[in-house]
Amino acid sequence: VSKSYDEIKKRIADGDVVVMTADEFKQYVRANGPRKAAKEVDVVTTGTFGAMCSSGAYFNFGHSDPPIKMQRVWMDGIPAYAGLAAVDAYLGATELDETNNMMHGGAHVIEDLVRGKAVRLKATAYGTDCYPRKEIDTFVSLKTVNQAVLMNVRNCYQNYAVATNSSPRTLYTYMGKLLPEYGNATFSSAGELSPLLNDPYYRTIGIGTRIFLGGGQGFVIWEGTQFNPGVPRTPGGVPKRPAGSLAVIGDLKQMSPEFLRGLTFTRYGSSLGVGIGVPIPILDEEMAKACAVTNDQILAGVFDYSQPTRSRGVLREVTYAELRSGEISIKNKQVPTSSLSSLYKARQIASILKNRIAKGEFMIEKPVQSFSMDRVFKPLDVRSEKEAM
Amino acid sequence: LKTKVVLNFSPEAANNPITHNLIAKYHLLVNILRAEIDEIGGKMVLELSGKADDIRKGIDYLKSNGVGVRPIKEGVRRDDDVCTHCGMCVSICPTKALAFDPKTGKVTFTEERCVACGVCIDACPPRAMEILI
């Protein structure tokens, strides 16, 4: 059995596409086998909602009169990067104000904008002959700006670490609150619903893939930073460590606070909760098998976050079925588990995407270019100029 | 009977062994949920269990010793519009008042089980939990 992108796209356009959420598809394959599933099902929708720090949005504010070449920009007190043309700026999700108030970072300003709120824009400049103005203090919203574009350089990690803490004190990390003496363990993947875990070798997800992003439509624009496909994999090909990731883009004006949220990780900082859904075309039996993967076949490594080093040893490997059971065993201790990734929202996203595709409102796309499998994830060492050459 | 109370006391009242007396004189089981006490007085959240009559007498005893007593029906509240149901809170909640329901994928909050310890407050990434004490 094999289907082309064009055949599937025609079925979407004609309104007779067979589309299932990843949850539904896994059940279908269990009952009917991958061969029949590949024949009967055209598209499987995946979803994930979690904290994705490497996110942000760029804006074009329009020109004031007299005009200003903005050098320093603040949006509701949060600095945005303005080392671009006169009125373009990029606001990062983890950016904080000068008091390091983690309750309100760049991510929260992005959420406020998506909620339809007005945001105070302040900018200063040195003044030029063509841009004489030296400061401006005004309000902007998604209605007033020309472009408001979410552009995230690393989202949607293909698998992630499980975090725990062997030390005698509570740790506050980007993996949440970790209680002392292996008091808990946290994980951050939607597991069997997660987009890249259903397409482990990036056959259908690549540059140009149309996706659900923050409630609207977006695209994959590149491999995500730290893309690392060479990690150990299960016999089924599923990476057992953080591997692939996606760089994505989409119109902020289409998005919804349901799927784009400012988050606070105490004593760590702010982050953006991003909802992403990726449709996977079932081109053949191989894709059907890949999308049939279940939590008991997806493994992750457990790491002790009390070791402040980049090369922590793996305490053990666990399956997402074990993590989802609410308890895992570490060093003979039963340790309660917490997810940082919302299964509820992941399911919601897969289901919304399914409905949009079934109604012909969302078209799948063949990637214009696949990701390179040769990418490696290199460390940063303190080195001389010569060593860096 | 079980009840949760917030106690506010002055420095003078802090010198009385009030918890001891609640246990010894009024035969109450006392579970200290929160305690913040320093030289200018303090605040305590207690869960008292015992006979209804003993609890009433115990509270009267506290009041007569200059301790402000306020019963609490709810100590912690969740804003359901803010919660994303990620589940960060479930592994740190000591009483399983916050729990994950695999069927719905949602995090449930059973207020009767909550002892208002407050560990969930700063652990919640979207800040859906609020302590009312």
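A residue counts as exposed when its relative accessible area is over 50%, and as buried when that area is under 20%. The model described here is predicted.

## Unusual backbone spots

Arg267(A) has a relative accessibility of 59%, so this residue counts as exposed. Its phi is near 60 degrees, a positive value in a residue other than glycine. Arg267(A) sits in the loop between strand 18 (260–265) and strand 19 (269–277) of chain A.

Chain B offers another case. His27(B) is not a glycine, yet its phi is positive at about 55 degrees. Its place is the loop between helix 2 (18–24) and strand 2 (29–38) of chain B. At 57% relative accessibility, His27(B) is over the 50% cut-off and therefore counts as exposed.

Chain A also holds a cis peptide bond. This bond joins Asp65(A) and Pro66(A), with omega at about -5 degrees. Pro66(A) belongs to the loop between strand 4 (56–60) and strand 5 (72–75) of chain A.

## An open sheet in chain A

Strands of a sheet pair through backbone hydrogen bonds, either parallel or antiparallel. In chain A, 6 strands form an open sheet with mixed pairing, in the order 22-21-11-14-24-23. Strand 22 (314–319) and strand 23 (327–330) of chain A stand at the edges. Each has a single partner strand, so one side of each lacks a neighbour in the sheet. On average, neighbouring strands of this sheet are turned by 30 degrees against each other, direction ignored.

Three of the pairings are set out below.

| Strand pair (chain A) | Sense | Bridges | A bridge partner pair |
|---|---|---|---|
| 21 and 22 | antiparallel | 5 bridges | Val302(A) and Arg316(A) |
| 14 and 24 | parallel | 3 bridges | Ala185(A) and Thr337(A) |
| 23 and 24 | antiparallel | 4 bridges | Glu327(A) and Pro336(A) |

Strand 21 of chain A covers residues 299–304. Strand 14 of chain A covers residues 185–187. Strand 23 and strand 24 of chain A form a hairpin with 2 residues between the strands. In this hairpin, Lys331(A) takes a positive phi near 50 degrees.

## Two pockets

The largest pocket has a volume of about 1200 Å³. Its lining counts 39 residues, and the closest to the centre are Tyr157(A), Tyr160(A), Tyr174(A), Gln226(A) and Pro242(A). Two elements of chain A give two or more residues to this lining: strand 3 (48–51) and strand 10 (147–155). Strand 3 of chain A has the largest share, with 4 residues. By class, the lining of the largest pocket divides into 22 nonpolar, 12 polar and 5 charged residues.

The second largest pocket has a volume of about 400 Å³. Its lining has 21 residues. Which of them lie nearest its centre? They are Ser325(A), Gly326(A), Thr337(A), Val90(B) and Phe100(B). Residues of chain A and of chain B thus both appear in this group.

The elements that give two or more residues here are helix 5 (320–324) and strand 24 (333–339) of chain A, together with strand 6 (98–101) of chain B. Strand 24 of chain A gives the largest share, 4 residues. The lining of the second largest pocket has 11 nonpolar, 7 polar and 3 charged residues.

Strand 24 links the two topics. It lines the second largest pocket, and strand 24 is also part of the open sheet. Thr337(A) makes the link at residue level. This residue is among those nearest the centre of the second largest pocket, and Thr337(A) stands opposite Ala185(A) in the sheet pairing.

Key: Residues are numbered from 1 along each chain as its sequence is written. Chains are lettered from A and ligands numbered from 1 in the order in which they are written. This is a predicted model: local features need pLDDT of at least 70, side-chain atom pairs count only at pLDDT 80 or more; totals for chains, interfaces and linings use all residues. Side-chain values use heavy atoms; hydrogens and water are left out. On a 1 Å grid over the protein atoms alone, a cavity is a set of points where a 1.4 Å probe fits but cannot get out, and a pocket is an open set with protein on both sides within 12 Å along at least five of seven lines; lining residues have an atom within 4 Å of a point. Grid points are joined across faces, edges and corners, and a volume is the space filled by probe spheres set on the points. Ala, Val, Leu, Ile, Met, Phe, Trp, Tyr, Cys and Pro count as nonpolar, Asp, Glu, Lys and Arg as charged, and the others, Gly among them, as polar. Two strands pair if DSSP finds at least two bridges between them. Axes are lines fitted to C-alpha atoms, for helices over the stretch in contact, and angles run from 0 to 180 degrees between N-to-C directions. Buried means under 20% relative accessible area, exposed over 50%, partly exposed in between (1.4 Å probe, protein chains only).
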